[in-house]
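Visitor: I've got a model open and I'd like to learn how to read it. Could you take me through a few features, one by one?

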There are 4 protein chains.
Amino acid sequence: MHYEKIFEEIFRDLQKKEDKGEVATYIPELASVDPNQFGVYLKTVEGNGYSFGDAEKRFSIQSIAKVLSFVLAYGRLKSDVWKRTNLEPAGTPFNSLLQLEVDRGIPRNPFINAGAILICDILVSELENPKDEILAFVRALSGNDSIDYNPRVAQSEKEMGNRNYAMIYLMKSFGNIENKIDTVMDLYFHLCSLEMNCKELGSTFLFLANNGVVPWSGERILSPSRTKRTNALMQTCGFYDEAGEFTFKVGLPGKSGVGGGIVAVHPGRYTIAVWSPKLNSKGNSYRGMLFLEQFTTVTNLSIF
Amino acid sequence: MHYEKIFEEIFRDLQKKEDKGEVATYIPELASVDPNQFGVYLKTVEGNGYSFGDAEKRFSIQSIAKVLSFVLAYGRLKSDVWKRTNLEPAGTPFNSLLQLEVDRGIPRNPFINAGAILICDILVSELENPKDEILAFVRALSGNDSIDYNPRVAQSEKEMGNRNYAMIYLMKSFGNIENKIDTVMDLYFHLCSLEMNCKELGSTFLFLANNGVVPWSGERILSPSRTKRTNALMQTCGFYDEAGEFTFKVGLPGKSGVGGGIVAVHPGRYTIAVWSPKLNSKGNSYRGMLFLEQFTTVTNLSIF
Amino acid sequence: MHYEKIFEEIFRDLQKKEDKGEVATYIPELASVDPNQFGVYLKTVEGNGYSFGDAEKRFSIQSIAKVLSFVLAYGRLKSDVWKRTNLEPAGTPFNSLLQLEVDRGIPRNPFINAGAILICDILVSELENPKDEILAFVRALSGNDSIDYNPRVAQSEKEMGNRNYAMIYLMKSFGNIENKIDTVMDLYFHLCSLEMNCKELGSTFLFLANNGVVPWSGERILSPSRTKRTNALMQTCGFYDEAGEFTFKVGLPGKSGVGGGIVAVHPGRYTIAVWSPKLNSKGNSYRGMLFLEQFTTVTNLSIF
Amino acid sequence: MHYEKIFEEIFRDLQKKEDKGEVATYIPELASVDPNQFGVYLKTVEGNGYSFGDAEKRFSIQSIAKVLSFVLAYGRLKSDVWKRTNLEPAGTPFNSLLQLEVDRGIPRNPFINAGAILICDILVSELENPKDEILAFVRALSGNDSIDYNPRVAQSEKEMGNRNYAMIYLMKSFGNIENKIDTVMDLYFHLCSLEMNCKELGSTFLFLANNGVVPWSGERILSPSRTKRTNALMQTCGFYDEAGEFTFKVGLPGKSGVGGGIVAVHPGRYTIAVWSPKLNSKGNSYRGMLFLEQFTTVTNLSIF
């Protein structure tokens, strides 16, 4: 299909409407991003790629990285991750402590902040050098060795991370954190600081559209069953308290980040990564969601 | 495929394990059901049907009917239903008032009790004779004119319906109910009392697997876009606070009822209805969920 | 003491400041009250009375009546009221369902709406003709046979009572309501419609300042221990989620109503009733609270 | 009055009944306390003292110290403490984060953990050397220079303080903490570790029964108005989610600690301190509460 043409048409259509979102401002590195940038990239499991706009410009992938740390833990864990985190949609904003207290320190799912911090605690327990191994894992998935953390972003996240510290201390008070808080949080803040562009994102997630195998390398990352489950988890929990909205309008499993990126997966077919920095009130890319809604409507390429 | 054979194998496998569920006991009509009954039926969009066990024995479909009343409202409404109900997963049990108060009388989605009551209020406003018209709608979808309400179940539901009354009064206090409470609740309790068997359920829901069109009659029930959205809504909201679990393990949009029935939809392919009366602690069929999990795992027929 | 002079001075002082409150508007009978009326009455246990302003003008005492129905139940109950209602401050607005659900149908205390409805249920169980007997009880306490319900107010309360209906149905769903809902609610709405003036209010509550005995008649209403406990309950629970504020600033047990009335008790000494229709954001009389704060500060007549 | 005799009679009466409480076990210093110790001390504003049992044995006063730190801040603050903490009863357990999140980092009152941590933050801002100055303040109030922190208790509190850290980080995320978290928490944990006996406690709190003035030294600690308000605050907020129960049964302002101590104040008359290490399910001394209930009932010496 002529995806580039479709991309351009949808983009033009979006240009006619006001971008009602707001760039994230809680750290200077996000606040200073040019809000008018826009990129999209679709990659099929057969290896064909289609891009538009700023698809090769890197941005802070933020919470999108929570899928990658989860997959790393899920793929190698002997112990049962589901004893330490639940897998239900949260129904509340992404950084709520209410639910974490009611649920006695068990995060609702691994894609909200508390759950991703918990996965970091698991990785600190499991890996020799978790920061390096996550990076190696992401580089292998994307086939790109220049992907890296942004240390200034990691530092800013730490400085603004009081609420995340509140969460890890609360989980620790319930006995659900094994390692030193500073070690776990250092990993978490670095994870949030990963930078990729749309092309790299689309390539990195392609194994989730390909039954758990990286198409170009043939490496199996997850079993078919766990691949299915990871996609299912993105479907119900990938968009904080807007997971229903995204499922309803876009109809693909996906994950967003406050850097304005969204990656979505059509199992058996393709991945699509879109980037537009302005966020809606729920913290998801305003134009990114509209773009994907129109894309799956025009192409009739949702899973539902 | 030899679905009957797969059904039998999975059933035998389940027979080896204890059925840890409990039959619903809040009304006598459900409490007295033989708990060991089990039926399953799969119907493809091409019209092929595969059944096993008590697939022709009728049971109380209970909350499964909430999808049907929603579709009836969604397909004909000029006004915007999404101003009166949200579409996010609830994250709390199906009959919680907590969230309804925090959200100022707006139900989280049309498939929890409060949302289904709200849809009944809409139908009372829109239809001349809503009880008859719902029945006519269901009969037309299933191609079976003997489907009916069970008046004793409706009466028992009313007698045990204090919490549902609490919800409608709370919604009314926020101005989100238009009609007389007794009229709306009478419709709601009758809706819950619909009885079908697995064959009828599978046939009734087939339009959702067929892009919105009833295969045998060619009648369009919903536009393709609204069909997709209804399936998406079942995916995120069809199983109360176990929607994530069902999505994760089964990987199909579906809806359950406390009568022990579950219906699931594979868009473009088939519907599958399963019935086993014992419920897990979340109110969903214990064996029904296990059966569907094994079925989509064995056949690799999930959407993810 | 020259209480009238003190009353006048405080009143003049209040006149200089803006009355920032708003008259209750949810029923027409309250919305149409002249907002500038102001009355106060102090009565000592020795029988001396001091009044100022509109002290003989009747108004809707609303929730103040919840103390009277509670005392009637508490004084004659063989069974233990504390199995059916708690006695802790609510910490949430007066009509919250959140807490009632978390506490499984047990109201936080008998002075919030849910608790007062529960007391009505107890009175319906205990009394032959509760509506008449409450009226007889209040008339006996005040020594005034012309005190009565206002049927138009009772009717308006019923029409606007959806949230109260939500509460009673929720309590019933937990098995904490024994009688027919309409009977209980009819009593509750009538209770809210009682009308008194400041003089009558001050006289009616005087037994609570006099160790449980009506001074002029010598009739014992409550034992000394239960009198102490009723005063204690007013202290912690008499002002919805502003109980701390009232205790802190005024330092007397008391009870307010949305008609703008407040009655307070100084055990062993006096009662004081004040009326000013405009309410603060918590539903308590704006000027009434300021008046009592200044009064106990000037006279140093608080219990703390 | 022959208070010693009354003390003995009540004590004997309590001895006949099972002590259903449990000693606090979250830190070894509390877990290892002999649970059968019992002391009581009453001191009148005229200077008469009456003691019984282990009234001169020191114990960890724990949360009782929160009143002292509050008074120190309240007495010297130019700025308004009520912008940073509320003064309403919590209605929830003492260490809940739920409410702190809903209230956006503003503690319900200064006597729950979050509020006491906030007061520590204020003292760190206001005082040159807060740890020493609190100690000097307490020594001056009690007239006893040997009162001190227990560094082992402070250290244990810190090690078990994850939930308290969660609270301060949450408050900081809302901008309601000014100083370094470790500095504030060090002060807080030391505050909790103060040790006194019943005699010292009763003497220390006597200014609250004496209109704000230490009787033997004549030093004014708080203005009469602020003294009244501090007592009022203890009344509504001194016993976590059992404030209503204590007010109802005992009828005096007071404060408890998980070391098993309770101090209560009868304004204008006396203070009474009781110590019995076993706690009820709300974290207040089981026998201490029963003792005070019987004491105010027998002597009719409550404020209500």
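Guide: Let's start at the rotation axis: of the residues of chain B, Gly91(B) comes closest to it, at 2.5 Å (C-alpha). Before going on, note that this is a predicted model, where local features need pLDDT of at least 70, side-chain atom pairs count only at pLDDT 80 or more, and totals for chains, interfaces and linings use all residues. Residues are numbered from 1 along each chain as its sequence is written, while chains are lettered from A and ligands numbered from 1 in the order in which they are written.

Visitor: What turn and shift lay chain B on chain A?

Guide: Copies are superposed by least squares on the C-alpha atoms of residues with pLDDT of at least 70 in both. Here a turn of 180° with a shift of 0.0 Å along the axis puts chain B on chain A, with an RMSD of 0.0 Å. That is how a two-fold axis relates copies.

Visitor: How many residues does each chain bring to the contact of B with A?

Guide: A contact means two residues whose C-beta atoms, placed from the backbone, lie within 7 Å. Chain B brings 32 residues and chain A brings 32 residues. On the chain B side, the elements giving two or more residues are α12 (224-237) and α13 (243-249); helices here are DSSP runs of H or I with at least four residues, strands are runs of E with at least two, and both are numbered from the N terminus. The largest share, 10 residues, comes from α12(B). By class, that side has 13 nonpolar, 13 polar and six charged residues. For the classes, Ala, Val, Leu, Ile, Met, Phe, Trp, Tyr, Cys and Pro count as nonpolar, Asp, Glu, Lys and Arg as charged, and the others, Gly among them, as polar. Since 100% of the interface residues of chain B are also interface residues in chain A, the copies meet through the same surface.

Visitor: And what about chains C and D?

Guide: Their contact takes 32 residues from chain D and 32 residues from chain C, and α12(D) gives the largest share of the chain D side, 10 residues. No contact joins chain A and chain C, whose closest C-alpha atoms lie 11 Å apart. Chains B and D have no contact either, with their closest C-alpha atoms 11 Å apart.

Visitor: Is helix α5(D) largely enclosed or left open?

Guide: Count neighbours: a residue is buried if 20 or more other C-beta atoms lie within 10 Å of its own, exposed if 12 or fewer, and partly exposed in between, with C-beta atoms placed from the backbone. In α5(D), 11 of the 14 residues are buried, so the helix is largely enclosed by the rest of the structure. Among the buried ones are Asn113(D), Cys120(D) and Asp121(D). Their cover includes α3 (65-76), α4 (98-102) and α9 (181-192) of chain D.

Visitor: What is the strand order in the open sheet of chain B?

Guide: Strands of a sheet pair through backbone hydrogen bonds, either parallel or antiparallel. Pairing takes at least two DSSP bridges between two strands. The three strands of this open sheet run in the order β3-β5-β4 (chain B), with antiparallel pairing. At the edges, β3 (59-60) and β4 (148-149) of chain B each have a single partner strand, so one side of each lacks a neighbour in the sheet. Two bridges join β4(B) to β5 (residues 194-196) of chain B, and Tyr149(B) stands opposite Leu194(B).
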